[in-house]
Every structure is written in C-alpha cells, then in structure tokens.
Amino acid sequence: MSLAEKIQAVRDNIAQAAREVGRDPAEITLVAATKVQTSDTIRQAIAAGITVCGENRVQEMTAHLADNAYEGAALHFIGHLQTNKVKFVVGRASLIESVGSEHLLMAIEKQAEKISVVQDILLEVNVGGEESKSGVRPDQVEELARKAAALPHVRLRGLMAIPPVAHVTGENQPYFAAMYQLFVDIKEKLDDNKTVIDCLSMGMSGDYPDAVRAGATLVRVGTALFGPRPPLHP
Ligand SMILES: *Cc1c(COP(=O)(O)O)cnc(C)c1O
C-alpha cells in the first residue's frame, strides 16, 4: 500500500469506529506520529492529506522545522519534554500534548510569557499507574488542571494518555474508558468562557479504533502509516 492508501485506510477505520458508537467521524483528528521519519516522508504525508504531525523528539522537530517540512500541517509535540528544552517547543508546536508535571507546566508558562504567546497544552495522564512513565496520576489531574487553567500564558485544552502496551486486542479499553471519564469530569468542572476543554488524545496504531469508540478526539498513529520503526536504542 502507498502512504496515501495507508492514510485512507486509517481514516476509514476511524470513521467506522466512530459510526459504531454514533459519533461524527469529523470529531476525530488523525495525528501522524512522525518520529524517525525524514522531512521528505513528512512532506509526502502532508501532500497525501495529513493535517497534523506529532513529534516527540525536540532535535528531530527542530531539524524538520528548519527544513520547512511541516508546511501545510499543524505541529503537535507529543513526547517527553525536558524543561531545559521547553524554549525549542513553546510557540513552535501549536499544541504540547505531553505536559505531565507541574514543573514542566510552570516552565512552559514562563517561556510563553517571555515570548508573548499563549501556548495550548494537554495534561498527560499516567492512566496505567506505571512507574516507568511520566504523567500525572489520575487522582491529581483536577488539581493540576485547575492550576493550568489559571495561568495567563497557557491554555488548557484537555488530556492525553499513553496506556500500557497492550498484548491483546481490547486490553486497553478500561484505560480508555477511565480517560474519557476524567475528560468529561474536567470538562464539567473547568469549561467556561476562557477554558474550552475539547481534546482527548489517546490511541496509537494498535488500538486507535478502541480509543475512538471510547471518545478520543485525537489519535496519534505512526506505524500504521509509515511502517515499523527501527528500535529506539539499538
Ligand atoms: C510513537 C508514538 C505514537 C505512535 O505510535 P505507533 O504505535 O507507531 O502508532 C503515539 N504517541 C506517542 C507519544 C508516540 O511517541
């Protein structure tokens, strides 16, 4: 299958999953997870209809920006972000999806103030309670969300999660359901004229239809579009 055909196949699966639960497929945005891809591949994906690219490494993102590789698409930052690299991401990514601590939140606020922008963010939730993963504990989401919503240079848009690696189809459904509950809860408590909670980012190549059925508004898909990646640390 060509890249364009793979994009279409993923879009078809998203649409089908949405209709199964009575959702409008237009509510769901496909974010192409472009880590390790070349600037050329990114351009091809955008030419084939990708509207949002998700990057998780600051260095790759910076190189692709210098190449103008994302032209025609929005850019989200979806990876682990160290506070000393915040200056390379704030104001460049339209949405930082992976804000998993108060420390990082405050660093983003500070940088956004410095360059006079308002940075859209999602709080990353460690929904599986995994030691190895960053993210806010589910029981601490409300507290951090209230802090984020009160900051002048940050705009909280919702939540993001990377559940544990699933070994069986459907295994992550309870995590997706829990995330949807948290999302609805935060929306009820914080949605007002200033804060609009409209993003729930969850679902990757192995489980995005489940995530869509559970209420995701953003799915982050890499492998199903671009094929398998080389191992992270060979
Ligand atoms: C790589 C990545 C994805 C996409 O993963 P695939 O399994 O290749 O679809 C999604 N989200 C994040 C944060 C990633 O780093």
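**Ligand site and helix faces in a predicted model**

In this predicted model, a nitrogen atom of the ligand sits 2.9 Å from an N or O atom in the side chain of R220. Two further pairings involve ligand oxygen atoms. A polar side-chain atom of K35 comes to 2.7 Å from an oxygen atom of the ligand, and at G222 it is a backbone N or O atom that lies 2.8 Å from a ligand oxygen atom. As for cover, the ligand on its own has 390 Å² of accessible area, and the protein covers 90% of that.

R220, K35 and G222 belong to a longer list of residues around the ligand. Early in the sequence there are A33, K35, N56 and I78; further along come I162, M204 and S205, then the run R220, V221, G222 and T223, and finally R229. Sorted by class, this shell has five nonpolar, four polar and three charged residues.

Just next to K35 in the numbering is V36, and its backbone is worth a look. The phi angle of V36 is near 65°, which is a positive value in a residue other than glycine. V36 is placed in the loop that runs between β1 (29-33) and α2 (39-47). With a relative accessible area of 33%, V36 is partly exposed. N68 tells a similar story: its phi is near 60°, again positive in a residue other than glycine. N68 is also a loop residue, placed between α3 (58-66) and β3 (74-77), and at a relative accessible area of 49% N68 counts as partly exposed.

Now for the helices. Helix α1 takes in residues 3-20, 18 residues in total, and stretches 26 Å from its first C-alpha to its last. That is close to the 26 Å expected at 1.5 Å a residue. Its buried residues are L3, I7, V10, I14, A15, A17 and A18. Around the axis they cover an arc of only 165°, so they sit on the same side of α1. The general rule behind such patterns is that an α-helix has 3.6 residues a turn, so residues three or four places apart point the same way. Within helix α1, I14 has a relative accessibility of 4%, and since that is under 20%, I14 counts as buried. I14 and T29 are 15 residues apart in sequence, with their C-alpha atoms 9.2 Å apart in space.

In α3, the buried set is V58, E60, M61 and H64. Looking down the axis of α3, these buried residues fall within an arc of 160°, so they line one face of the helix. Q59 and A66, on the other side of α3, are exposed.

Helix α5 (residues 141-150) buries V141, L144, A145, A148 and A149. Viewed down its axis, the buried residues of α5 stay within an arc of 140°, and therefore they line one face of the helix. The face turned away from that buried side carries E143 and A150, both exposed.

K110, in helix α4 (residues 102-114), is on the outside by the numbers: its relative accessible area is 63%, and because that is over 50%, K110 counts as exposed. From K110 to K147 is 37 residues in sequence and 14 Å in space, C-alpha to C-alpha.

Two strand residues round off the picture. D120 lies in strand β5 (residues 119-125) and is a charged residue that is buried, with a relative accessible area of 7%. What does the D120 side chain contact? The side chain of D120 makes a polar contact with the side chain of R157, at 2.6 Å. F77, for its part, lies in strand β3. Its relative accessibility is 0%, so F77 counts as buried. F77 and Q37 are 40 residues apart along the chain, and their C-alpha atoms are separated by 15 Å.

Technical notes
Residues numbered from 1 in each chain as written. Predicted model: local features only at pLDDT ≥ 70, side-chain atom pairs only at ≥ 80, totals over all residues. Heavy atoms only, no water. Near = heavy atom within 4 Å. Polar contact = N/O pair within 3.5 Å; in protein donor to acceptor, adjacent residues only side chain to side chain. Areas by Shrake-Rupley, 256 points an atom, 1.4 Å probe, with all protein chains shown as cover. Helix = DSSP H or I, 4+ residues; strand = E, 2+ residues; numbered from the N terminus. Expected span 1.5 Å × (residues − 1). Buried < 20%, exposed > 50% of the residue type's maximum accessible area, 1.4 Å probe, protein only. Arc of directions from axis to C-beta.
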